[in-house]
Amino acid sequence: MRMGETVTPEQKREKRFEKWLSAPHAEFANPSAKKAYQERVTRFIKVFNLEIPDRVPVILPAGTYPLYYAGMTLKEGMHDNERLLQAYRKFLTEFESDTFASPALVPSARAAGIIDSLTIKWPGHGLPDNTSMVQFVEGEYMKADEYDLFLEDLTDFCLRRYLPRSLGALAPFARFSPTPFILGMPNKFLAPAAMPEVRAAYQAIIDYGEETARWMAPIMQFHREATAAGYPTLFGGQAHAPFDILADTLRGTKGIIMDMYRQPDKLLAAMEKVEKMNVDCGMEGVNLSGNPIVFFALHKGDDTFMSNQQYEKFYWPHFRRVILGLIDEGAVPLLFAEGRYDSRLEIIRDLPKGKVIWHFDRTDMFRAKKILGDNACIAGNVPASLLCTGTPEAVKEYCRKLIEVCGEGGGFILTGGASIDKGNPDCLRAMYEASLEYSR
């Protein structure tokens with residue numbers, strides 16, 4: 001590239017693919033593991049590009065299933081990362097897939113307790129000990145009359161309102177002066193430390209950091225081991241649809257519905273406010289990891305939440321601009337459309353060809369292939385219910401139909417509609433076997 005020449009989004013994407021494929025910092029266990037890694041990454045790149053791979057790639061929707069498979073509960077896993085890692089290593093060695101299940105999905109219960117997380121419940125903390133999933137606590141973390149504060153100074157809003165309401169240990173931050181007041185008076189930011197409760201909040205941050213570092217170090221080692229064994233990850237960065245940030249994180253379901261009718265202009269302005277932030281957030285992860293994929297969990301965009309008219313006004317335009325911003329940087333958005341998107345398929349087709357992955361939960365996959373198949377890679381949607389209560393034969397038959405229809409011409413990844421926490425191990429194995437048998 002000569003000086004002054006512009007690097008195109010396609011060139012950026014190719015560079016990111018090359019880095020992901022070469023894994024420059026990986027120390028492979030042996031040449032066979034390196035070859036397997038490159039074959040798996042190549043398989044994914046081909047389907048991203050709507051090309052025909054050697055076979056349909058498979059992502060087992062394992063979630064927290066490795067804990068169950070190892071005879072553990074989620075509560076035990078959240079308190080003991082040594083046993084947690086043993087469970088995920090066992091799963092890695094006993095199940096074949098084109099990527100690996102990550103123990104990073106399981107947070108430290110002690111860290112969540114130290115910081116007094118108010119946005120989640122976990123086994124033994126708001127949930128029964130035998131619960132197998134951490135649950136998000138939706139709430140009104142931004143009040144209906146605070147849009148102006150959000151729009152005027154997002155940083156100050158996050159520091160003095162969102163953090164104190166979402167993390168109990170940081171409640172004293174609500175007593176800070178507005179952040180811009182530190183200009184010319186930097187000590188004004190430190191002045192609240194004279195209060196014992198603020199010092200306790202700072203100590204909670206230190207304690208949380210120490211626990212998180214202790215918790216994550218072996219998990220990152222596991223990631224290196226999995227890569228060394230020949231398995232790539234499909235998680236590079238993460239971001240959110242602007243509507244979901246407002247609906248999930250700040251206003252809650254009831255609040256956002258009222259805002260759509262009572263103050264739609266402010267809602268639209270707030271979503272515009274966080275568009276670039278989401279592009280930057282996703283790219284931060286991509287640049288740190290060397291993996292070009294940015295994951296989105298889409299919650300409020302499904303068919304049952306709003307009409308197509310509302311979707312085209314409130315959800316899609318801002319989200320589409322985030323997607324395009326990531327594409328311009330050479331990243332690959334992986335869009336997990338939770339629920340059903342049957343009525344959205346014609347709308348979401350409006351993206352550049354071969355640049356995104358749509359992971360569908362309960363959407364009609366055959367219709368998705370018909371409408372999106374020549375435009376985007378699609379993934380999904382083996383039902384969690386089938387994997388948990390069905391037979392290996394039934395799973396294999398379901399996968400066969402998906403592979404033969406959705407895999408036609410490339411651009412398809414076989415995976416679950418949602419992750420599982422319990423189930424029949426032979427049903428998971430049947431998914432991988434189906435790819436070997438039916439997609440050659």
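How much of the accessible surface of the protein chain belongs to carbon and sulfur atoms? The share is 55%, out of an accessible surface of about 20,000 Å². What you have in front of you is a predicted model, so please read everything below in that light. The secondary structure of the chain comes to 19 helices and 10 strands, and seven of the strands line up in one open sheet with parallel pairing.

**Overall build**

- The C-alpha trace of the protein chain spans about 65 × 50 × 45 Å along its principal axes.
- The radius of gyration is 23 Å, which agrees with the value near 22 Å that a compact globule of 440 residues would have.
- Of the 440 residues in the protein chain, 51% count as buried.
- Among contacts with a separation of 6 or more, 71% are made by residues 24 or more positions apart.
- One pair that is distant in sequence is arginine 224 and glutamate 27: they are 197 residues apart along the chain, yet their C-alpha atoms are 7.9 Å apart in space.
- Arginine 224 is found in helix H10, residues 196-228, and its relative accessibility of 48% makes it partly exposed, because a residue counts as exposed only over 50%.

**The seven-stranded sheet**

- Reading across this open sheet, the strand order is S1-S10-S9-S8-S7-S6-S5.
- Strand S1 (58-59) and strand S5 (237-238) stand at the edges with a single partner strand each, so one side of each has no neighbour in the sheet.
- Strand S6 (residues 293-298) pairs with S7 in the parallel sense, over six bridges, and within this pairing alanine 337 of S7 is the bridge partner of leucine 298.
- Strand S7 (residues 332-337) is joined to S8 by four bridges, again in the parallel sense, with leucine 335 matched to tryptophan 358 in S8.
- S8 continues to strand S9 (residues 377-382) through three bridges, and these two strands run parallel; here tryptophan 358 stands opposite isoleucine 378 in S9.
- S9 then pairs with strand S10 (residues 412-416) over five bridges, in the parallel sense, and alanine 379 stands opposite isoleucine 413 in S10.

**Which way the side chains point in S7 and S8**

- S7 is mostly covered, with six of its six residues buried.
- From S7, Val332, Leu334 and Phe336 point one way, while Pro333, Leu335 and Ala337 point the other way.
- Strand S8 (residues 357-360) sends Ile357 and His359 one way and Trp358 and Phe360 the other, and all of these are buried.

**The three-stranded sheet**

- A further open sheet has three strands in the order S3-S2-S4, and its pairing is mixed.
- Strand S3 (126-127) and strand S4 (135-136) form the edges, each with a single partner strand, so one side of each is left without a neighbour in the sheet.
- Strand S2 (residues 120-123) and S3 run parallel and are joined by two bridges, with tryptophan 122 standing opposite glycine 126 in S3.

**A bent helix**

- Helix H11 covers residues 242-262, which is 21 residues, but its end C-alpha atoms are only 19 Å apart.
- A straight helix would reach 30 Å at 1.5 Å a residue, so H11 falls short of that span.
- H11 bends by about 120° at arginine 251, a good residue to centre your view on when you look at this helix.

**Two loop residues with positive phi**

- Alanine 23 has a phi near 45°, a positive value in a residue other than glycine.
- Alanine 23 is found in the loop between helix H1 (9-22) and helix H2 (31-48), and its relative accessibility of 12% means that it counts as buried.
- Leucine 50 also has a positive phi, near 65°, and is likewise a residue other than glycine.
- Leucine 50 lies in the loop between H2 and S1, and at 17% relative accessibility leucine 50 counts as buried, because the cut-off for buried is under 20%.

Key: Residues numbered from 1 in each chain as written. Predicted model: local features only at pLDDT ≥ 70, side-chain atom pairs only at ≥ 80, totals over all residues. Heavy atoms only, no water. Bend = angle between axes of the 7 residues up to and from the residue. Rg over C-alpha atoms; globule rule 2.2 N^0.38 Å. Buried < 20%, exposed > 50% of the residue type's maximum accessible area, 1.4 Å probe, protein only. Contact = heavy atoms within 4.5 Å. Areas by Shrake-Rupley, 256 points an atom, 1.4 Å probe, with all protein chains shown as cover. Pairing = 2+ DSSP bridges.
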